[in-house]
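Q: Could we go through a model together, feature by feature, so that I learn how to read each one?
A: Yes; please keep the sequence and the coordinates in view as we go.

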Amino acid sequence: CGHLSVLMGNGINMMSKGMPWAAALMQVAQHKQRFHEDELAEMMELDPQDCAKLIAQRIGIEKLREEASELMDCSHCGIVHAILATLPVREFISTSIDTKLARASEVSSARSEDLADKHRIGVLPLDAGCKRWMIPINGSTRDQSGIVLYEGEEETAQQRQAMNGIVQALLLTRHVLFLGFRLQNDYSMHSILDTVQKARAKPEDEDKSSFMKEPFRADLNATLIRRLPNKVERSLWKNANVITLQDPDTESNCGCESEKKNEASRKLEIFLDYLAVNSRGFNSHLLDEECNVSLTSEENEVRNCLHRLAEQTMNSGINPESNLFNTLDRMFQKIGLPLKTC
């Protein structure tokens, strides 16, 4: 915790049966026959930003935000979101406007108020006081007025500038795990990554670091999870670790495209589950009452000793706001029993 941040692309939303942004725009365009069939066919070939501009001209930008937000804000969250919410990670970045990760964290921490305060993932800028938070760089369904529809919007410029600054800081100071992300058509991330690349460039490379002067290369302390190897896109991610979920030599025998995507999604779930288990250690069950029946006799003896130590600490008269108490509290948290819940 404190060393890793997670960036989620639109691919994560699609893995949980969510609606792609481009599909949401087309549904808005088709509603009430706002466009003729020949217009809709041509719009299918457009970049999502150009498509959004056309729809906004027809129905208004606020109406477009409202209707697209309703389509994207489904009530369920997927397995990937549920596992991500359990990771000991404080900062998340999302290029999608859905808030499924925040919803998953609310479900996983619903057992007690203490867990809710500790594990809940807030959505910036609305939930600025949360210990864990997610930055939706293109806006979110919780704040429709901040949804970014296309480049150059004046309405969201100031809010985006503040959010982008936080994302840039994370890319400079954290190891970032990229999930379900592609550079294609994500101009907001192009700008952010280009700024970070310039900041990381050596003085002698300053004139060569611009995205506009040479092909973009993301020089980041990062890990990128991809479904299949892509040599062309791999060349854009300088010094990043790239993990592929499918072997290109065997993927042709996996069946139809939907089966291949399902297989890749399942492998991502297994990878994240493995990451979650190994990032938390293996002692958090000792003082968890729900795990009593699974403890060995030796673990039960240790558990009883730790319970007595926790009770003695609580009855010792130590100020609960002191540094000593907080240090002991963090120690007990690691084995499943925060002192403040005793």
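**Reading the model step by step**

A: Let us begin in a loop: H76 is found in the loop between α5 (61-72) and α6 (79-86), and since this is a predicted model, whatever we say about H76 is computed from predicted coordinates.

Q: Is H76 buried, exposed or partly exposed?
A: Relative accessible area decides this, and the middle class lies between the buried limit of 20% and the exposed limit of 50%. With a relative accessible area of 34%, H76 is partly exposed.

Q: How many residues separate H76 and R103 in sequence, and how far apart are they in space?
A: Separation along the chain and separation in space are two readings that should be kept side by side. H76 and R103 are 27 residues apart in sequence, while their C-alpha atoms are 8.1 Å apart in space.

Q: What does the protein chain look like as a whole, in helices, strands and burial?
A: The protein chain has 14 helices and 7 strands, and of its 342 residues 43% count as buried. As for contacts in the protein chain between residues at least 6 apart in sequence, 60% of them join residues at least 24 apart.

Q: How do I read the packing of two helices, say α2 and α4, and at what angle do they pack?
A: One starts from the angle between the two axes and the separation of those axes, then turns to the handedness and to the residues that touch. Helix α2 (residues 21-30) packs with helix α4 (residues 48-59) at an angle of about 25°, the axes being 10 Å apart. Angles under 35 degrees count as roughly parallel, and α2 and α4 are therefore roughly parallel to each other. The crossing in which α2 passes α4 is left-handed.

Q: Which residues make the contact of α2 with α4?
A: On the α2 side the contact is made by W21, A22, L25, M26, V28 and A29, and on the α4 side by P48, C51, A52, I55 and I59. Divided by character, the residues of this contact are 11 nonpolar, no polar and no charged.

Q: Taking I55 from that list, is it buried or exposed?
A: I55 lies in helix α4 and is buried, with a relative accessible area of 0%. Setting aside residues up to four places away in sequence, I55 touches L25, V28, A29, F35, M43, G60 and L64. A further reading concerns R34, which is 21 residues from I55 along the chain, with the two C-alpha atoms separated by 8.7 Å.

Q: Which backbone angles deserve attention in the loop between α2 and α3?
A: Here the value to read is phi, and in particular its sign in a residue other than glycine. K32 lies in the loop between α2 and α3 (37-43), and its phi is near 60°, a positive value in a residue other than glycine. Q33, found in the loop between α2 and α3, also has a positive phi, near 50°, and is likewise a residue other than glycine. K32 counts as exposed at 66% relative accessibility, and Q33 is exposed with a relative accessible area of 74%.

Q: Where does a cis peptide bond occur, and what is its omega?
A: The torsion to inspect is omega, taken across the peptide bond. A cis peptide bond joins L124 and P125, with omega about 5°, and P125 lies in the loop between β3 (121-123) and β4 (132-136).

Q: How do I tell which side of helix α14 is buried?
A: One lists the buried residues and asks how they are arranged around the axis. In helix α14 (residues 323-333) the buried residues are F325, D329 and F332. They cover an arc of only 65° around the axis, which puts them on the same side of α14. The face turned away from that buried side carries the exposed residues N323 and L324.

Q: Against what do the buried residues of α14 pack?
A: They pack against α13 (297-314). The axes of α13 and α14 come within 12 Å and cross at roughly 160°, which makes α13 roughly antiparallel to α14. This crossing is left-handed. The contact is made by L306, L309, A310, T313 and M314 of α13 together with F325, L328 and F332 of α14, and its residues divide into 7 nonpolar, 1 polar and no charged.

Notes: Residues numbered from 1 in each chain as written. Predicted model: local features only at pLDDT ≥ 70, side-chain atom pairs only at ≥ 80, totals over all residues. Heavy atoms only, no water. Buried < 20%, exposed > 50% of the residue type's maximum accessible area, 1.4 Å probe, protein only. Helix = DSSP H or I, 4+ residues; strand = E, 2+ residues; numbered from the N terminus. Arc of directions from axis to C-beta. Contact = heavy atoms within 4.5 Å. Axes fitted to C-alpha atoms, helices over the stretch in contact; angles between N-to-C directions. Parallel < 35°, antiparallel > 145°, perpendicular 65-115°, else oblique. Left-handed = near helix turned anticlockwise from the far one by under 90°. Nonpolar A, V, L, I, M, F, W, Y, C, P; charged D, E, K, R; others polar.
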